Amino acid sequence: MENDKPILAVIGGTGKEGRGLAYRWAKAGYTVHIGSRTPAKAQRMAATIRERVGQPDTPVFGTDNLTAAQKAEIVVLSVPYSAHKATLEAIAEAVQGKILVDVTVPLRPPKVTKAWFPPAGSAALEAQAILGPETAVVDAFQNIAYALLWEDVPIEADVLVAGKGKANRRRVMALVEAIGLRAWDAGPIENTPVVEGLTSLLIYMNKAYASDHIGIRIIM
Ligand SMILES: NC(=O)c1ccc[n+]([C@@H]2O[C@H](COP(=O)([O-])OP(=O)(O)OC[C@H]3O[C@@H](n4cnc5c(N)ncnc54)[C@H](OP(=O)(O)O)[C@@H]3O)[C@@H](O)[C@H]2O)c1
């Protein structure tokens, strides 16, 4: 922990969604380790983010996936579903006792506008089964378009946070709020199929309404 901010890793932080999250947390003063299968690629992304933040000493670093997970207190996973299981197995040891924030949506290209659920119910439930009880898997950001994260624009869409343990969800909600989004406690990990399934619906609606950032907003 540096100040009151946990050290973060973004596995797949070289990709569209992950780099936006890494950029926003770096800008908010978090230390971020970007993980990649190709460390040089992660280092290049870290340099791009430092430049974008505008402060050369911004603590964002690039390394391999396992090292990034080892260095972090909270590990964010943002890879295509096809790479989900293999990536989790590669970092499993390093995330024991930690929160794993899963951003993954179980999409099956090319049918990405149709909700599909893996046998366990969701990517998060699969991750929890792979990582075991000492890791808390929490879903977030499934319904936030990458284009908005990477730009310096206010985001009106809300983030549903569902996963193992209320206290863990609260910590993830704090990370959501730190980058200017509104977070909602969406309940236990059994609710993650709903959170993940919404994404196919939003991808469909993006096509239907010629947008690239349709999101949801909760009212009460
Ligand atoms: N894009 C969005 O707007 C959006 C919104 C919400 C949720 N999501 C979800 O977030 C996750 C990431 O989406 P994305 O659009 O950022 O994906 P992406 O750009 O295609 O991939 C993200 C990163 O995953 C790693 N990766 C790609 N293929 C891999 C493979 N076969 N094996 C291992 N690692 C691989 C790559 O990192 P390295 O090459 O550096 O290892 C890549 O930079 C997905 O599950 C997606 O459904 C995306």
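## Exercises on a predicted model

L125 is partly exposed, with a relative accessible area of 21%. Keep in mind as you work that this is a predicted model.

**Exercise 1.** Work out why L125 is classed as partly exposed, and describe its surroundings.

*Solution.* Start with the cut-offs: buried means under 20% relative accessible area, and exposed means over 50%. L125 has 21%, so it counts as partly exposed. Next, place the residue: L125 sits in helix α5, which covers residues 123-131. Then look for its contacts. Setting aside residues up to four places away in sequence, L125 touches A120, I189, T192 and P193. Finally, for a sense of distance, 24 Å separates the C-alpha atoms of L125 and T14, which lie 111 residues apart along the chain.

**Exercise 2.** Find out which residues lie on each side of strand β2, and whether they are buried or exposed.

*Solution.* In a regular strand the side chains alternate between the two faces of the sheet. Apply that to β2, residues 32-36. One side carries V32, I34 and S36, the other H33 and G35, and all of these are buried. The strand is thus mostly covered, with five of its five residues buried.

**Exercise 3.** Identify the strands that pair with β2 and trace the chain between them.

*Solution.* Take β1 (residues 8-11) to begin with: it runs parallel to β2, and four bridges join the two. Within this pairing, A9 has H33 as its bridge partner, while V10 has I34. The path from β1 to β2 passes through helix α1 (residues 16-27) in a right-handed β-α-β crossover. Now turn to β3 (residues 60-64), which pairs with β2 in the parallel sense over five bridges. Here V32 stands opposite V60. Together, β2, helix α2 (residues 39-53) and β3 form a right-handed β-α-β unit.

**Exercise 4.** Put β2 into the order of the whole sheet, and name the edge strands.

*Solution.* The open sheet has eight strands in the order β3-β2-β1-β4-β5-β6-β7-β8, with mixed pairing. Its edges are β3 and β8 (182-185), each pairing on one side only. From one strand to the next, the twist averages 25°.

**Exercise 5.** Which residues have the most contacts inside the largest nonpolar core?

*Solution.* This core has 40 residues, and the ones with the most contacts inside it are W25, I34, I49, F141 and V161. Follow W25 outward: beyond its neighbours within four places in sequence, its contacts include V32, F141 and I179. A second, separate core has 19 residues, among them A68, A69, L77 and V137.

Methods
Residues are numbered from 1 along each chain as its sequence is written. This is a predicted model: local features need pLDDT of at least 70, side-chain atom pairs count only at pLDDT 80 or more; totals for chains, interfaces and linings use all residues. Side-chain values use heavy atoms; hydrogens and water are left out. Buried means under 20% relative accessible area, exposed over 50%, partly exposed in between (1.4 Å probe, protein chains only). Contact means heavy atoms within 4.5 Å. Two strands pair if DSSP finds at least two bridges between them. A crossover is right-handed if, with the strands pointing away from the viewer, the path from the first strand over the helix to the second runs clockwise. A nonpolar core is a set of buried Ala, Val, Leu, Ile, Met, Phe, Trp, Tyr and Cys residues joined through side-chain atoms within 4.5 Å. Axes are lines fitted to C-alpha atoms, for helices over the stretch in contact, and angles run from 0 to 180 degrees between N-to-C directions.
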